[in-house]
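Please look through the model below with its open spaces in mind, beginning with a single side chain and moving outward to the pockets.

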Amino acid sequence: MLESLLTQQQQLLEMLFKTLQEEQQILAERDIDGINAIAQQKNTLLEQLNENDQLIEAHPKRQLLTKEPHFIAKHKQITKMLSICQQANTINGRIIKASSEEVERLAHQMNQLMQQSSMTYDKAGRQHTASRHGKSFKA
């Protein structure tokens, strides 16, 4: 039973890593629908990993993880795969943060351009911002 739980944990981590790789590709493509779908998939895998981890923790023979060479090796493989997944997730988080910052920067530039394009001068040559929204031009 403990062996099957460890195998399942390793399989879930491998699926999570594949999902993280797919997420990185979707982020590069800026596929909004794909981002939402992959986020749900990732959350489902994380929930399954957590449930499986709790089963391993509650298993009556869990002390074998630190005593039996076979289980020690399996545990190291799982720990290594978990570390790889964490690194991939960190990279994806950085990509998301950079994309978000870029969107904010572009929005700020758009606002500045909108303000500049509505800059007018009065008869005395002083600048003021005119709002053109809701006003029509007449010839």
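A residue is called buried here when its relative accessible area is under 20%, and exposed when that value is over 50%. The model is a predicted one, and a useful place to enter it is Gln9, which lies in helix H1, spanning residues 2-29. Because its relative accessibility is 7%, Gln9 counts as buried. Leaving aside residues up to four places away in sequence, Gln9 touches Leu49, Asn52, Asp53, Ile56 and Ile78.

From this residue the view opens onto the largest pocket, which holds about 310 Å³ of space. Its lining is made up of 14 residues, and those closest to the centre are Gln9, Asp53, Ile56, His75 and Ile78. Two or more lining residues come from each of H1, helix H2 (32-58) and helix H3 (69-117), with H2 providing the largest share, five residues. In chemical character, the lining of the largest pocket divides into seven nonpolar, four polar and three charged residues.

The second largest pocket contains about 170 Å³ of space, and the residues that line this pocket are Glu23, Leu27, Arg30, Ile32, Ile35, Ala39, Ile96 and Ser99. Here H1, H2 and H3 each supply at least two residues of the lining, and H2 gives the most, with three residues. By class, five residues of the lining of the second largest pocket are nonpolar, one is polar and two are charged.

Terms used
Residues numbered from 1 in each chain as written. Predicted model: local features only at pLDDT ≥ 70, side-chain atom pairs only at ≥ 80, totals over all residues. Heavy atoms only, no water. Helix = DSSP H or I, 4+ residues; strand = E, 2+ residues; numbered from the N terminus. Buried < 20%, exposed > 50% of the residue type's maximum accessible area, 1.4 Å probe, protein only. Contact = heavy atoms within 4.5 Å. 1 Å grid on protein atoms, 1.4 Å probe; cavity = no way out; pocket = protein on both sides within 12 Å on 5 of 7 lines; lining within 4 Å. Points joined across faces, edges and corners; volume = space filled by probe spheres on them. Nonpolar A, V, L, I, M, F, W, Y, C, P; charged D, E, K, R; others polar.
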